[in-house]
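Take a walk through this fold, one element at a time. Keep the sequence and the model side by side as you read.

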Amino acid sequence: MALRPRFSTTFAALLALTVAACDVVVVPNVAPKSAPAAIAQTPDGRASARNFLAVVQTVEPVAESICRSRAPRMNCDFRIVVDDRPDMPPNAFQTVDEQGRPIIAFTLALIADARNVDELAFVMSHEAAHHIAGHLERQRQNATMGALVFGQLAGVTGGGADAVRVAQELGAQVGARSYSKDFELEADALGTRIAARAGYDPLRGAEFFFRIPDPGDRFLGTHPPNADRIEIVRRTVAGL
């Protein structure tokens with residue numbers, strides 16, 4: 001699960017699909033498809049499609065309600081998209097489009113890999129929490145500050161234009177990653193609340209972490225150890 005600083009142009013040709021009151025779209029691969037049709041091509045696709053759409057119908061309105069109560073000036077009109085490219089690995093991420101509308105994207109592989117609705121709901125709630133907590137903007141600010149500091153250091157030490165540019169790029173990367181682990185844990189905590197309010201079991205949903213590689217506690221890593229994430233979910237559930 002990750003943050004992306006802006007909406008990729010790959011999604012420029014999104015096709016709208018109305019599902020009850022939810023806004024679900026699919027990123028077309030070759031031929032336009034509806035989201036359920038695209039998901040149904042995966043193993044056990046029909047069940048996966050039903051589970052995914054059921055989660056969208058229940059989680060999206062809860063996430064939008066919490067978003068409006070916590071950040072009334074923020075755009076809380078979530079849009080759920082499906083990347084139907086079959087070669088994409090299991091992944092979900094949160095970004096915004098050019099108008100600032102929050103986007104939550106799922107790949108087909110992640111939808112197929114989820115073992116139950118609780119896992120899908122937890123992932124969707126986690127991504128929604130990134131937006132509600134303003135992580136993208138905070139990440140941008142950290143990247144800008146990192147680029148500024150590293151660029152100034154390169155200039156002070158006598159580096160030329162190329163050295164300053166390289167230093168700024170490195171500083172932006174370091175800055176963007178400086179608090180990314182904290183952002184993930186914050187999103188896990190708030191995502192737990194969203195999933196629980198939507199009627200799902202966050203602890204069961206967080207079992208998804210047991211099946212993904214543990215990033216460990218690497219310096220400037222983007223994600224915290226899986227054990228830390230499970231623990232924050234447990235503590236949040238205990239406090240509900």
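The paragraphs below go from the whole chain to its strands, its ring pair, its disulfide and one helix.

This is a predicted model. The chain has nine helices and six strands. It runs to 240 residues, of which 49% count as buried. Look at contacts with a sequence separation of 6 or more: residues 24 or more positions apart account for 69% of them.

Start with strand β6, residues 102-107. Six of its six residues are buried, and the strand is mostly covered. The cover extends to both faces. On one side sit Pro102, Ile104 and Phe106; on the other sit Ile103, Ala105 and Thr107. The split follows a familiar rule: in a regular strand the side chains alternate between the two faces of the sheet.

Which strands pair with β6? One is β4, residues 79-83, which runs parallel to β6 over five bridges. Within that pairing, Val81 stands opposite Ala105, and Asp83 stands opposite Thr107. The other is β5, residues 92-96, which pairs with β6 in the antiparallel sense, again over five bridges. Here Thr95 stands opposite Ile103. Strands β5 and β6 form a hairpin with five residues between them. In that hairpin, Gly100 takes a positive phi near 85°.

Now turn to β4 itself. Is this strand enclosed or open? Five of its five residues are buried, so β4 is largely enclosed by the rest of the structure. Both of its faces are covered. Arg79, Val81 and Asp83 lie on one side, with Ile80 and Val82 on the other. The buried set of β4 thus includes the charged residues Arg79 and Asp83.

Return to β6 for its aromatic residue. The structure holds one aromatic pair. Phe52 and Phe106 form it, in an edge-to-face arrangement. Their centres are 5.3 Å apart, with 70° between the planes. An angle over 60 degrees is what makes the pair edge-to-face. What does the pair connect? Phe52 lies in helix α2 (residues 45-70) and Phe106 in strand β6, so the pair ties together parts that are 54 residues apart in sequence. Both rings belong to buried residues: Phe52 has 0% relative accessibility, and Phe106 has 1%.

The disulfide comes next. The structure holds one. It joins Cys67 and Cys76, whose sulfur atoms are 2.0 Å apart. A disulfide is a covalent bond between the sulfur atoms of two cysteines. Which hand does this one have? The torsion about the S-S bond of Cys67 and Cys76 is about -70°, so the disulfide is left-handed. Both Cys67 and Cys76 are buried.

Cys67 also leads to another residue, Ile132, with which it is in contact. Ile132 is found in helix α4. Ile132 is buried, with a relative accessible area of 8%. Beyond its neighbours within four places in sequence, Ile132 is in contact with Ala63, Ile66, Cys67, Arg70, Met74, Phe78, Leu190 and Ile194. Ala71 shows how the chain comes back on itself here. The C-alpha atoms of Ile132 and Ala71 are separated by 6.9 Å, although the two residues are 61 residues apart along the chain.

Finish with helix α9, residues 226-239. How well does its length agree with a regular helix? At 1.5 Å a residue, its 14 residues should span 20 Å, and its end C-alpha atoms are 20 Å apart, which agrees. The buried residues of α9 are Asn226, Arg229, Ile230, Ile232, Val233 and Thr236. Seen down the axis of α9, they fall within an arc of 160°, so they line one face of the helix. That buried set packs against α4 (117-132), α7 (180-197) and α8 (202-205). Helix α4 is also the home of Ile132. The face of α9 turned away from the buried side carries exposed residues: Ala227, Arg235, Ala238 and Gly239.

How values were computed. Residues numbered from 1 in each chain as written. Predicted model: local features only at pLDDT ≥ 70, side-chain atom pairs only at ≥ 80, totals over all residues. Heavy atoms only, no water. Helix = DSSP H or I, 4+ residues; strand = E, 2+ residues; numbered from the N terminus. Expected span 1.5 Å × (residues − 1). Buried < 20%, exposed > 50% of the residue type's maximum accessible area, 1.4 Å probe, protein only. Arc of directions from axis to C-beta. Contact = heavy atoms within 4.5 Å. Pairing = 2+ DSSP bridges. Disulfide = S-S within 2.5 Å. Phe/Tyr/Trp six-rings, centres within 6.5 Å; stacked < 30°, edge-to-face > 60°.
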